[in-house]
Amino acid sequence: MAGQLIKEWSAIQQFPSATQEKLVDLLGKLKNQNVNTLTILVMGKGGVGKSSTVNSVIGERVVTVSAFQSETPRPVMVSRSRSGFTLNIIDTPGLVEGGYVSDQVLDTIKSSLGRFLLNKTVDVLLYVDRLDAYRVDNMDKQIVKAISDSFGKEIWHKAVVVLTHAQLSPPDALTYEEFFSKRWESLLKCIRQGARINKNEAQQFAIPVALVENSGRCNKNEHDEKILPMGTPWIPNLIHTITDVTLNGKRGILVDQKLIEGPNANDRGKIYIPLILAFQFLFIIKPIQKMIKADVERENKPSWA
């Protein structure tokens, strides 16, 4: 991040005045807690609206999104400053390629984090999926597992699940609240399984969810704020949720050389070396020594013994 030109967050003035006031209050809340820099990492499958969400939060088209290229081909960090506060948002490629979670994409993300944030922290993970995806499958679990293996299980302490395409009409005669509840419960179960969060740890990993609608068809309230079917202005609500996670008392994810390079293959299994040596001594070496000693004693006995 050294040497990077950080632009003024002037696009915040393009939001409706009601949204501006809420955002300014939330930024003030962070600064009052001595949080002057907030770094957000955005991850998920391709085509779920990661880049569009980044654009919506910043208030301008900072990441290219088109019908032919739905997401950034490599990680991009967008930085904006306002009144001494700096916001960094890192948009990333989709984690699935050819029907599998791509280790190469994960390595590229970690390498880019090393360039952007070496020895600094990721404060919040936005894990993005679609509200209108009607099922959770094994691929979702594999994505969560891959993120957990790459960044540590603790990253879910600092996570917000973002469900895009939230302006929808639920199927099967469900109310909006019922559909959202079922979708969220199934995805939360998937996250806990993929991250290996057991029942005893569930309360420690209280992962919040925020709904998002990036399209121009999003409804608005009397203050011209984009709102969801439940009437919630979604941009201030998302920033409010991010603020709560930032201030939840859990540590951010340190981007150090160990995180970037991953586990050292030469270190694997070192913890078991003393146990292996003890096993070899007790059950292999020592019995052999006894056998050799017994043979020697028999050979040294006189023929009449």
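In this predicted model, the side chains of serine 148 and tryptophan 156 are joined by a polar contact of 2.8 Å. Serine 148 belongs to helix α4, which covers residues 138-151, and its side chain also reaches the backbone oxygen of valine 144, again at 2.8 Å. Setting aside residues up to four places away in sequence, serine 148 touches Lys153, Trp156, Gly194 and Ala195. With a relative accessible area of 5%, serine 148 falls under the 20% limit and is therefore classed as buried.

A second serine brings helix α2 into view. Serine 51 lies in α2, and its relative accessibility is 2%, so this residue too counts as buried. The UniProt record, an unreviewed entry, places the feature "binding site" at Ser51 and Gln69. Serine 51 has plenty of company within its helix: eight of the nine residues of α2 are buried, which leaves the helix mostly covered. The buried set consists of Lys50, Ser51, Thr53, Val54, Asn55, Ser56, Val57 and Ile58. What do these buried residues pack against? Their partners are the strands β2 (37-44), β3 (76-82), β4 (85-91), β8 (124-130) and β9 (159-164), together with α6. Just after α2 comes glycine 59, which has a positive phi, near 95°.

Helix α2 also takes part in a pocket. The second largest pocket of the model has a volume of about 290 Å³. Of its 18 lining residues, Phe15, Ser56, Gly59, Lys226 and Ile235 are the closest to the centre. Two elements, α2 (50-58) and α6 (234-246), each give two or more residues to this lining. Which of the elements supplies the largest share of the lining? That share, three residues, comes from α2. Sorted by class, the lining of this pocket holds five nonpolar, seven polar and six charged residues. Ser56, one of the residues closest to the pocket centre, is also among the buried residues of α2.

Strand β8, one of the packing partners of α2, is where arginine 130 is found. Is arginine 130 buried or partly exposed? Its relative accessible area is 25%, so arginine 130 is partly exposed. The side chain of arginine 130 makes a polar contact of 3.3 Å with that of histidine 165. Apart from neighbours within four places in sequence, the contacts of arginine 130 are Gly47, Val48, Leu163, Thr164, His165 and Arg183. Arginine 130 can also be placed relative to lysine 45: the two are 85 residues apart in sequence, while their C-alpha atoms lie 9.6 Å apart in space.

Towards the start of the chain, isoleucine 6 sits in the segment before β1 (7-8). This residue has a relative accessible area of 31%, which means that isoleucine 6 is partly exposed. Which residues does isoleucine 6 touch, not counting those up to four places away in sequence? They are Ser79, Arg80, Ser81 and Thr86. A separation of 8.4 Å lies between the C-alpha atoms of isoleucine 6 and valine 78, although 72 residues set them apart along the chain.

Technical notes: Residues are numbered from 1 along each chain as its sequence is written. This is a predicted model: local features need pLDDT of at least 70, side-chain atom pairs count only at pLDDT 80 or more; totals for chains, interfaces and linings use all residues. Side-chain values use heavy atoms; hydrogens and water are left out. On a 1 Å grid over the protein atoms alone, a cavity is a set of points where a 1.4 Å probe fits but cannot get out, and a pocket is an open set with protein on both sides within 12 Å along at least five of seven lines; lining residues have an atom within 4 Å of a point. Grid points are joined across faces, edges and corners, and a volume is the space filled by probe spheres set on the points. Helices (H or I, at least four residues) and strands (E, at least two) are DSSP runs, numbered from the N terminus. Ala, Val, Leu, Ile, Met, Phe, Trp, Tyr, Cys and Pro count as nonpolar, Asp, Glu, Lys and Arg as charged, and the others, Gly among them, as polar. Buried means under 20% relative accessible area, exposed over 50%, partly exposed in between (1.4 Å probe, protein chains only). Contact means heavy atoms within 4.5 Å. A polar contact is a pair of N or O atoms within 3.5 Å; within protein, one must be able to donate a hydrogen and the other to accept it, and residues adjacent in sequence count only if both atoms are side-chain atoms. UniProt positions are given in the numbering used here, feature names are shortened, and annotations may be inferred rather than shown by experiment.
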